[in-house]
Structures are given as C-alpha cells and as structure tokens.
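Welcome! Have a look at the structure below, and then we can go through some questions together.

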Amino acid sequence: MDATEQLKQDVREGRIDVDRLIDVIVTLQRQLELARQRIEELEKKAGGSPTAKVDEPFSMRSEEKRQQARRKNKKTKLSKKGRRGRLTSADKLKLAERTEKVFPDGVPPQDCQLSHTRPVWRLENGRAVLIAYQIYRGKNQYGKIPGVLGRSEFSLEIMVEIAYFVYVVGLSFDKVCLALQFLQNLPLGKTQADTLLQRLSRHWQHEFDVLCTLLANSLVVHADETSWSINSVWAFLSEKARVVFFGVHKDADTLAQILDPHTFAGLVISDDAAVYANFTQSQKCWAHLLRKAIKLTLQEPANQEYRQFTDRLLEIYRAACRVQRDGRLSAAGRAAKVAGLDDEILELCAPMWALELPPLEDGPEDDYRLLVNEVMRLMLAKQLFTFVTTAAAAQPNGVSAPVAGTNNEVERTLRNPSEARKTGRTSKTVAGARRQTIIVSVLESLRLYLPKFTLAGVIKEINGWWQAGQSCFTKLLKKMKLQPGTESVLDKVMPVPDG
C-alpha cells in the first residue's frame, strides 16, 4: 500500500489529526508549484506558446545562417568519418584519359607558365571522354578551353545534348542522366544537369534577344498558343526566327511587346482569336475552319446541308492552293483568281448568312450559323486568301517555301508542351519557364538555319560562333542593319520575381 492510500485509510478511520492533514496539504502544494515551474522551463526551451517571445532572431537571413551552420557541422562529421560524395579535382585528374595544353591567344608558349589544371568532360566519337586541360598564363592572360563555358567541368556539346533531351525529346532529368550513363558512359547527376541548363540559358540570353528582333522584322509569322502550368505557351514562327515563350499571358499587352500590331508590317497567320484582330495583314487558319465544318458532319451524318457545305468549303480551299502553286500566273492574275474565290465563298454562305438568324440553342444548328458568319466575315475582311497572293519568303538555309494557308506547323511545335502539361512535366517556376524559353527558341531557330539539324551540326555551328565572335543570328541582324532592343523582351513579358 502506497503513501496516498495509507493517508486515505487513516482519514476514514479517524487516525489522523488536523495538524498532520495541514502538513500533507502544504507538501502537495509545494510539489505542484515545482512541477508547474518545470513545465514552464521545458516549454520555453521548446519554443513556448505561439505568442511567446523568441530569443533568437527568426528572419530568413538568420535561418539561412543556421542552415549553413548545420551543413558545416554535417560536413565536419563526414570528414571525420571519411569523405563521401563527389570526387575532388585531384581524383578526377587521375581518371583523365589524356592531357592537353591551353595557351592564351597571341602569347608565345615560351612566354607562358602553367597556372592550373582542369578536368573537363567532352563527347568524342559518341562517348564521353575526361580530358585534363593544363591552363597556361602569360601577360596577365589565361588560356581558354574551346567549347567550355567559364569554369564548367562539362563542354558545350554536353549541355546542348542535355537541353535537346529535356526540352525537345521531353525526358526527365533522371532519364537523361540514365541515358548519358548508358550510351556514353558519362557520370552525371540531375542537379548537375539542372545547373548546366541554367548556365546555357544565361549564355544564350543575347541570342534570344536577337531572335526577338528578327521575329519583329520578319515577312510572315505563324502564331498560336496553348495552356500551360504557368499561364500559356505562345509560339511565333517566321522565316527568320522561331521564338517560343513559356509561362506568358495571352493578351494584347504581351503581344504588343513581342509583335506589336501597330508597327509590324508583315503577314500574321493565326486562328480567329480576338488578340490577333489588329494586324494590317492577316491570314486566318483554314484548318480551324475545316475542322469546324467536319465536326458538323460527324455530329449530324444524315444532314445533307452540312455535308454539302463542308465538301464545297474544302473544294474552294484546294482551288486556292492550286492557284498559289501555279507559276504561270502574274500578281494581277492571282488577284483576279482570288476575286473569283471570294465570289464562290459568297455563293456558298449567302443563303444562310442573309437570314441573320439570332443565337440558337447550343447544338449543331447554332454551330453551323456561327461558322457561316465567321467565313463570311473573314472573306469580307480579306483574310481567307492572303496566302495566295503573298510571295514566298526565303529562309536562312536557302529553302524558299510558299506561304501556308494553315497554322499546322506552329501547332506541331506546341504539341510537346501540350503533352508535357497533360503529364505534369512542366516548369513550376518563372525562372524555369524563362530558361526553357531561351533554350527552346535558340534550338528551334538553329533547326531553321542548319541544313541538317543534328548534334554534330549544332556543335559545328556554335563553335563557329566562338571563332567569328558572333552567331548566325547576329550576322543576319547586322546584315539587315538592325539592333536588338535595349531591354530584353523576356524581361518585359515575364520579369523575374523579386527575392
């Protein structure tokens, strides 16, 4: 029997006097006070109540300092147990397959002295090779490793290959690292891959600004957009540049920064969205119109009016394409043919259009009414057959193709971003969207400039930029006697958030 039970029994049987009972109560109160003080001390050490004052500063900078201190302590513990993780430069140099000397330009080798040695991974004959570069110094100049950005341990061709796998093929960083390890024996972590893409985007920032200037001075521009994880993806393809903006708004203000309708004098090929309504020359996508007509025939297979309208609209479009390809026609002859095509559109749509029907209930009948009104409106605005009378624009690679009456090419460009959105493989930050914008625009524009778009061809072209001191984009810009804007278009449409 414990002391508490014994006390209860003594009280019931009357074997305890008042003085002893008072002593017991005082003792219990003292123990309770000590317990309360102990609880307050423990709460203060653990952080206390939500309104309690914290002795240590709790700003973001203070937290960063505490995290750095914890990482430092962790590294100290690891060093005591034995080094783990990435290899040191000395260990990497031991694994190098060969050594090459790099001297500063214009300085005789006998006037130089060895400064340091750097290991760099390169791609040679389809495999990764680790090379030890001996950097020599002379006349306050250092030798520069060709095809290597700054102090990177990976060459530019590896950066381009990673960018192609991630942004064109659509592989994740994990899969890219596995592919490079399996195919080329290149050890690479996904954090390293992410860092390399960030460095590549900074290196290509100027080239992106040049592409934006070339786009704004093109003859024909295809434009389209699709939704994305951050706002939208907006693609612009011309005979001089291909620029794809990730994470931007699709509105008039954004379009004015990229391709101002009040100053752009070329032809814009697009869908019938209101944001494209103010350009001087416009060609509306025939594929969008034909899809709407075909949808009617699928919804109402037995409706002969829908079938006849769709067949006739397709015949008119095919006739316009034949007129465009007919090399025997002069400019005046093409204009006369277009006038005849306008008459055919009027004959097709006039019976329905003249009724001026009010909006109907949602369904095929109202869709048919809207489609007829849209075709008539575009015909009257001279936006159906502009592609027939517009001369073909020569591309930088020497290929000259006729102007398309559809927007299919830009839709194919947006196919990969659309699939990435559906599977959740898109950037979630503005910084990631900006990086993807720069890299994808430069790669897609190189596809336009090169006879064969291969890794070898891209690397050969980029190495030529190092030797010439300018890219093929800048060379064309100077030939056109243009200068890029003082402020980057990317900073206007998608500024970096503060902090």
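Q: Does Glu100 count as buried, partly exposed or exposed?
A: Keep in mind that this is a predicted model. The relative accessibility of Glu100 is 27%. Buried would need a value under 20% and exposed one over 50%, so Glu100 counts as partly exposed.

Q: Which residue forms a salt bridge with Glu100?
A: A salt bridge needs a Lys or Arg nitrogen within 4 Å of a carboxyl oxygen of Asp or Glu. For Glu100, the closest N and O atoms of the pair are 2.8 Å apart. The partner, at 32% relative accessibility, counts as partly exposed. That partner is Arg98.

Q: How many residues apart are Asp272 and Arg377?
A: These two form a salt bridge, with their closest N and O atoms 2.4 Å apart. Asp272 is in the loop between strand E8 and strand E9, while Arg377 is in helix H13, and so the pair links distant parts of the chain. Along the chain they are 105 residues apart.

Q: Is Arg434 buried or exposed?
A: Arg434, in helix H17, pairs with Asp491, in helix H20. The closest N and O atoms of their salt bridge are 2.9 Å apart. Asp491 is partly exposed at 33% relative accessibility. Arg434 has a relative accessible area of 10%, so Arg434 is buried.

Q: How many disulfides does the count come to?
A: Two cysteine sulfur atoms must lie within 2.5 Å to be counted as a disulfide. The sulfur of Cys212 is 15 Å from the closest cysteine sulfur, in Cys472, and is therefore too far for a bond. Cys349 is in no disulfide either, with the nearest cysteine sulfur, that of Cys285, 17 Å away. The count comes to zero.

Q: Which helix gives the most to the largest nonpolar core?
A: The largest nonpolar core has 81 residues, and Ile162, Trp204 and Phe236 are among those with the most contacts inside it. One helix, spanning residues 156-169, gives 10 residues to this core. That helix is H5.

Q: What is the accessible area of the nonpolar patch formed by Leu346, Trp353 and Leu380?
A: Leu380 is found in helix H13. With a relative accessible area of 54%, Leu380 is exposed. Together with Leu346 and Trp353, Leu380 forms a nonpolar patch on the surface, with an accessible area of about 280 Å².

How values were computed. Residues are numbered from 1 along each chain as its sequence is written. This is a predicted model: local features need pLDDT of at least 70, side-chain atom pairs count only at pLDDT 80 or more; totals for chains, interfaces and linings use all residues. Side-chain values use heavy atoms; hydrogens and water are left out. Patches are made of residues with over 30% relative accessible area and no salt bridge: like charges are joined within 9 Å, nonpolar side chains (Val, Leu, Ile, Met, Phe, Trp, Tyr) within 5 Å. Accessible areas come from the Shrake-Rupley method with a 1.4 Å probe; for residues, only the protein chains shown count as cover. A salt bridge is a side-chain nitrogen of Lys or Arg within 4 Å of a carboxyl oxygen of Asp or Glu. Helices (H or I, at least four residues) and strands (E, at least two) are DSSP runs, numbered from the N terminus. Buried means under 20% relative accessible area, exposed over 50%, partly exposed in between (1.4 Å probe, protein chains only). A nonpolar core is a set of buried Ala, Val, Leu, Ile, Met, Phe, Trp, Tyr and Cys residues joined through side-chain atoms within 4.5 Å.
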